[in-house]
Amino acid sequence: RPPTLGGRLPSRRPEWHNPAMSIFKKLFGAGGDGGDEPVAGGGTAADTETVRRIMRRLEELPAERARYVGAFAYVLSRVAHADLDFSGVETAAMERVMREHAGLPEDQAMLVVEIAKAQSRLYGATEDFLVTREFAAIADPEERRHLLEALFAVAAADGTISTPEETRIRQIASELGFTHREYVDARAQWSQYRAVLRPPLG
């Protein structure tokens, strides 16, 4: 089993620098962008009933807290979706990270992860860098380090960190402001899972 993660996210976070981000306006109640019409129960006509239900449940969290854990989960989804599919073990790993790091109860962790997965499928091509950049702007160095560790944990959930996953983590690390040396140091404890270091079959 991949190494467990230490540390927890703080219970309060500052407001986002860019509250106009469409992904968070839609998911976490930061206001509409003038596109979709609101519907009864929250959300917009473009949202599925599942997303609306998730949004209502996340209203239990302060808005800035919901945005922060949502960003954390979304960045995790970038690695889980590196091979264009979310496996069951990757989803379970994301949920575990959200419980251990964010201190979310199991049901909320599951809902946040489902939001992140859905939005990664829908908006990944346009939102990946934007969300990661905003996370880097509001997170302190320790929080960014916890996220980097969590990225490796999710990638290694199935016992192997594939080349696409490793490439994606390296990209995210750069977007989070880590130097190449810092990235290499973080990667070192996961060497046994790296596909590029395993001998070819046969």
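This text walks through helix packing, salt bridges and a few single residues in a predicted model.

Start with helix H5, which covers residues 106-138. Its partner here is helix H6, residues 141-155. The two axes come within 8 Å and cross at roughly 140°. That makes H5 oblique to H6. Angles count as roughly antiparallel over 145 degrees. On the H5 side, the contact uses Phe135, Ala136 and Ile138. On the H6 side, Glu143, Arg144 and Leu147 meet them. By class, the contact of H5 with H6 has four nonpolar residues, two charged and no polar ones.

Move on along the chain to helix H7, residues 163-175. H6 and H7 pack at an angle of about 170°, and their axes lie 10 Å apart. That makes H6 roughly antiparallel to H7. From H6, the contact draws on Leu148, Leu151, Phe152 and Ala155. From H7, Glu165, Ile169, Ile172 and Ala173 meet them. The residues of the contact of H6 with H7 divide into seven nonpolar, one charged and no polar. Two packed helices are described by the angle between their axes and the distance between the axes.

H7 itself deserves a closer look. What span should its 13 residues have? At 1.5 Å a residue, the expected value is 18 Å. The end C-alpha atoms of H7 are 19 Å apart, which agrees. Several H7 residues are buried: Glu165, Glu166, Ile169, Ile172, Ala173 and Glu175. Which helices do the buried residues of H7 pack against? They pack against H3, H4, H5, H6 and H8. After H7 comes Gly177, with a positive phi near 95°.

Now the charged pairs. Side chains of opposite charge can pair when their charged atoms come close. The count of salt bridges in this model comes to seven. Take Arg78 and Asp128 to begin with. Their closest N and O atoms are 3.7 Å apart. Arg78 lies in helix H3, residues 63-80, and Asp128 lies in H5, so this pair ties together parts that are 50 residues apart in sequence. Are these two residues buried or exposed? Arg78 is buried, with a relative accessible area of 2%. Asp128 also counts as buried, at 14% relative accessibility. The cut-off for buried is under 20%. The pair belongs to a network of salt bridges that links Arg78, Asp128 and Glu175. Glu175 appeared above among the buried residues of H7.

Other salt bridges sit within one helix. Glu114 pairs with Lys117, and the closest N and O atoms are 3.3 Å apart. Both residues lie in H5. They are three residues apart, about one turn of the helix. Glu114 is partly exposed, with a relative accessible area of 34%. Lys117 is buried, at 7%. A similar layout is found in helix H8, residues 180-188. There the side chains of Asp185 and Arg181 meet in a salt bridge, at 3.5 Å from N to O. Asp185 and Arg181 are four residues apart, which puts about one helical turn between them. Arg181 counts as exposed, at 54% relative accessibility.

Back to H5 for one small residue. Ala109 is found in this helix. Its relative accessibility is 0%, so Ala109 counts as buried. What does Ala109 touch, leaving aside its neighbours within four places in sequence? The contacts are Glu95, Met98, Arg99 and Leu104. Val97 is twelve residues from Ala109 in sequence. In space, the two are 8.6 Å apart, C-alpha to C-alpha.

Finish in a loop. Leu84 sits between H3 and helix H4, which covers 88-102. Most residues other than glycine have a negative phi. Leu84 has a positive phi, near 65°. At 70% relative accessibility, Leu84 counts as exposed. Ala109, at 0%, is buried.

Key:
Residues numbered from 1 in each chain as written. Predicted model: local features only at pLDDT ≥ 70, side-chain atom pairs only at ≥ 80, totals over all residues. Heavy atoms only, no water. Axes fitted to C-alpha atoms, helices over the stretch in contact; angles between N-to-C directions. Helix = DSSP H or I, 4+ residues; strand = E, 2+ residues; numbered from the N terminus. Parallel < 35°, antiparallel > 145°, perpendicular 65-115°, else oblique. Contact = heavy atoms within 4.5 Å. Nonpolar A, V, L, I, M, F, W, Y, C, P; charged D, E, K, R; others polar. Salt bridge = Lys/Arg side-chain N within 4 Å of Asp/Glu carboxyl O. Buried < 20%, exposed > 50% of the residue type's maximum accessible area, 1.4 Å probe, protein only. Expected span 1.5 Å × (residues − 1).
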